[in-house]
Amino acid sequence: MPNRRSLIAAAAGVAAAPLSPWRRAEARSTTPGVTATEIRIGNTNAYSGPASAYAVISRCHAAFFRMVNEQGGIGGRQIVFLSYDDGYSPPRAVEQVRRLVEQDGVAFLFNTLGTPSNSAIVRYVNQRRVPHLFVASGADKWGDYRQTPWTIGWQPSYRTEAQVYAKHMLDRNPDARLALLYQNDDFGKDYIAGVRDVLGDRFDRVVRAASHEVTDATVDSQVISLQASGADALLTATTPKFAAQAIRKVHDIGWRPLHFLTSVSVSVASVMQPAGPEKGIGIITAAYNKDPTDPAWDNDPGMNEWRAFMRRHMPGADTTDINYVYAYGVALTLMQVLRQCGTDFSRQNIMRQATGLRDLEIPTLLPGIRINTAPDNYHPIRQMQLQRWDGTTWRRFGEVIEGTRV
Amino acid sequence: MSGPPIGSARASGAAGPDAPAASRQRRAIAFALLLAGAAVLIASAFLLSPFRLFQLTLAAGYAVAILGLNLVTGYNGQISLGHGAFYAAGAYTTAILMTHFDWPFWATLPVAGLASGALGYAVGFPALRLGGFYLALTTFSLAVAVPQILKHRAIEDWTGGVQGLFIAKPDPPAFLPIEADQWLYLTTLAISAALFLAAWNLVRGRIGRAMRAIRDHPVAAEAMGMDLAAVKTRTFAAGAALTGLAGALGAVAVEFVAPDSFTVMLSITLFVGMVVGGAASIGGAVVGGLFIVFVPNLAESISKAAPGAIYGVLLILLLFVLPGGAAGIGRLAVARLWRRDGGR
């Protein structure tokens with residue numbers, strides 16, 4: 001039987017021996033994840049858990065990069081796309097991102113999903129100076145180029161969307177008074193910020209806001225008090241269940257405001273049908289992607305390109321799911337960044353090119369929408385087009401509207 | 001890992017007094033095993049990559065959380081589906097003290113334990129009137145409520161609301177030539193070991209016997225003069241305090257707390273970890289902690305299409321193969337070994 005002393009000696013020997021794994025990674029001066037033949041890209045998504053409907057985005061990316069590799073890769077390099085499951089849980093997102101950055105040595109992160117998950121990792125990636133490109137979340141904070149210069153969003157933020165609504169409202173009626181129903185969280189508050197951007201000092205005079213908690217049973221009392229304020233426009237910035245309640249209540253109490261509805265809650269199946277399709281007639285929302293179910297795009301060259309991709313590389317996938325359109329668009333944006341990198345795939349240059357996109361047109365975005373970024377503009381898409389509910393479907397109208405620059 | 005050594009130490013502690021020599025020898029073997037386990041764990045700090053250490057740090061935290069749940073559910077028979085709430089309470093206590101008051105990490109630990117222990121004591125009272133399924137539902141509702149309470153406007157300035165709070169992991173002392181990840185791993189390991197020792201000490205003594213007696217036959221226990229109410233509420237408080245400390249350890253490892261980190265899934269996950277490790281087992285909690293961290297990743301590496309389904313299949317397989325959890329197979333193995341020893 002081994003005695004105590006020999007065990008301690010053995011333990012000390014093991015402990016003192018190799019410190020090497022800690023230093024090896026730091027010693028290389030080139031960009032991690034970039035070799036002469038490959039470039040490694042990291043991604044997290046909710047393959048399991050409540051948000052797993054979004055997992056198709058990363059599956060689409062994987063298929064997209066396979067296609068790129070078949071066509072010869074980028075800058076002579078093959079793309080290695082590593083995507084892990086975070087179950088939409090912030091601690092697991094931290095774990096998976098550390099695995100990608102430290103273990104797999106990816107060059108950068110791309111389109112990581114979800115506001116909670118990205119909030120958990122944003123400080124880590126910025127401390128490590130890992131490019132954190134085109135975050136899959138509509139929160140406005142990904143555009144904060146001062147605090148988090150290594151993180152950039154992609155889609156129009158909720159704040160941009162609110163700016164678009166406020167602009168349209170003032171176009172229709174410069175003296176309009178706005179009622180704002182919002183969910184009391186980051187998501188809802190982004191809409192307040194957006195309306196404030198457009199109205200400036202007039203905000204307090206023009207806007208009457210009422211909030212609700214996700215835990216509330218209904219928003220009926222908020223709707224009633226907002227009607228009593230005498231507003232002639234209403235912006236509903238809340239999640240689907242409450243949006244359906246609000247639409248029904250507004251109609252039932254006989255209020256007929258110019259009604260804007262957040263693009264988060266425009267699902268026909270989970271909002272418009274439960275609310276009663278006829279009760280929502282005239283409601284306005286905003287979009288930036290081409291809707292794959294809209295017959296207007298049946299012969300659209302851009303959407304045909306997407307359909308051809310889907311047929312060849314994602315056979316059997318549900319082509320009415322707009323998440324595939326989103327994924328294709330954001331992947332094309334990344335390809336432009338990598339092309340602009342030329343031969344310099346250093347992290348600095350990747351970030352420089354991601355924030356140096358000029359009037360980029362993506363075939364799956366609505367006509368007129370262009371992607372622009374700059375070292376002081378981390379909001380790639382700032383334009384949206386309005387659409388109105390006609391009782392059966394959403395119909396686009398008017399020109400593309402650009403959010404204000406703040 | 002340290003599962004088997006602790007398990008065997010427990011078995012040797014329970015050995016009969018009729019064979020003092022054999023018992024002394026067993027104790028020596030158990031001690032040697034424990035020491036070897038500790039040596040391996042400490043050596044890991046210098047052999048494994050920072051990422052693997054981070055995973056082990058998380059696993060150690062979860063193991064302590066499961067230990068807390070095990071006191072309440074495994075040893076005392078009170079089913080709790082809400083231990084994620086205590087985990088959150090501990091995590092937030094540490095995060096708030098570190099961000100708003102600049103406390104050092106170690107100083108927040110006692111407060112985190114006390115705060116979640118107090119919460120557990122309060123929850124322990126309804127537990128007196130509610131048994132079985134009703135208690136399970138009560139604690140479950142606590143777990144459901146916690147993420148929403150954390151977002152509440154009244155405390156938003158403290159909790160950071162939906163945004164959560166960032167905290168920085170402690171720097172190693174200047175005289176030690178190690179990285180922050182290594183330091184945190186070793187600190188967590190030491191704290192977890194101390195908590196495991198304390199829990200082991202608790203359950204094998206008078207109080208532990210009372211806890212088990214109340215679980216197995218409350219009427220008989222009461223007739224024997226045990227104060228059911230006191231034991232139950234205090235067990236709940238102790239279990240909650242342990243889980244709260246685990247939350248503090250987990251929060252500083254992840255360096256971030258947010259309401260979405262503590263959804264009801266966390267409570268369920270801890271419960272799963274406890275059952276997999278083995279209810280009413282101290283060493284089993286370690287296996288449970290490792291299970292929580294590593295099996296979802298294993299499931300994902302098998303299939304990205306449906307990691308949840310793979311996880312479920314793995315879980316069912318495991319319960320089929322190890323009906324008593326990891327602790328069950330551990331006890332069986334130890335019993336076999338001892339018998340062979342005795343026959344020689």
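How do the axes of helix H3 (residues 50–75) of chain B and helix H11 (residues 228–254) of chain B cross, and within what distance do they come? I began my notebook with that pair. The model I am reading is predicted.

**Entry: the helix pair**

I looked up the two axes. They come within 7 Å and cross at roughly 170 degrees. An angle over 145 degrees counts as roughly antiparallel, and H3(B) and H11(B) are therefore roughly antiparallel to each other.

Next I looked up which residues meet. On the H3(B) side I noted Phe54(B), Leu58(B), Gly61(B), Ala65(B), Gly68(B) and Val72(B), among others. The H11(B) side includes Phe236(B), Gly239(B), Leu242(B), Ala246(B), Leu249(B) and Ala253(B). I then checked the character of this contact. Its residues divide into 17 nonpolar, 7 polar and no charged.

**Entry: chain B as a whole**

I stepped back to the chain that holds this pair. Chain B has 15 helices and 2 strands. Its radius of gyration is 20 Å, close to the 20 Å that the globule rule gives for 344 residues, so chain B is as compact as a globular protein of that length. I read the span of its C-alpha trace along the principal axes as about 65 × 55 × 45 Å.

I also looked up burial. Buried residues make up 50% of the 344 residues in chain B. For contacts with a separation of 6 or more in chain B, I found that 78% join residues 24 or more positions apart.

**Entry: chain A as a whole**

I turned to chain A. It has 14 helices and 11 strands. Its radius of gyration is 24 Å, which agrees with the value near 22 Å for a compact globule of 406 residues. The C-alpha trace of chain A spans about 85 × 55 × 40 Å along its principal axes.

Of the 406 residues in chain A, 47% are buried. Among its contacts with a separation of 6 or more, I noted that 68% are between residues 24 or more positions apart.

**Entry: where the chains touch**

How many residues of each chain take part in the contact between chain A and chain B? I found 33 residues of chain A in contact with 33 residues of chain B. On the chain A side, I listed the elements that each supply at least two residues: helix H1 (4–16), helix H2 (20–27), strand S2 (78–85), helix H4 (90–103) and helix H5 (115–128). H4(A) gives the largest share, 8 residues.

Last, I looked up the makeup of this side of chain A. Its residues divide into 18 nonpolar, 6 polar and 9 charged.

Terms used
Residues numbered from 1 in each chain as written. Chains lettered and ligands numbered in written order. Predicted model: local features only at pLDDT ≥ 70, side-chain atom pairs only at ≥ 80, totals over all residues. Helix = DSSP H or I, 4+ residues; strand = E, 2+ residues; numbered from the N terminus. Rg over C-alpha atoms; globule rule 2.2 N^0.38 Å. Buried ≥ 20, exposed ≤ 12 C-beta atoms within 10 Å, placed from the backbone. Contact = placed C-beta atoms within 7 Å. Nonpolar A, V, L, I, M, F, W, Y, C, P; charged D, E, K, R; others polar. Axes fitted to C-alpha atoms, helices over the stretch in contact; angles between N-to-C directions. Parallel < 35°, antiparallel > 145°, perpendicular 65-115°, else oblique.
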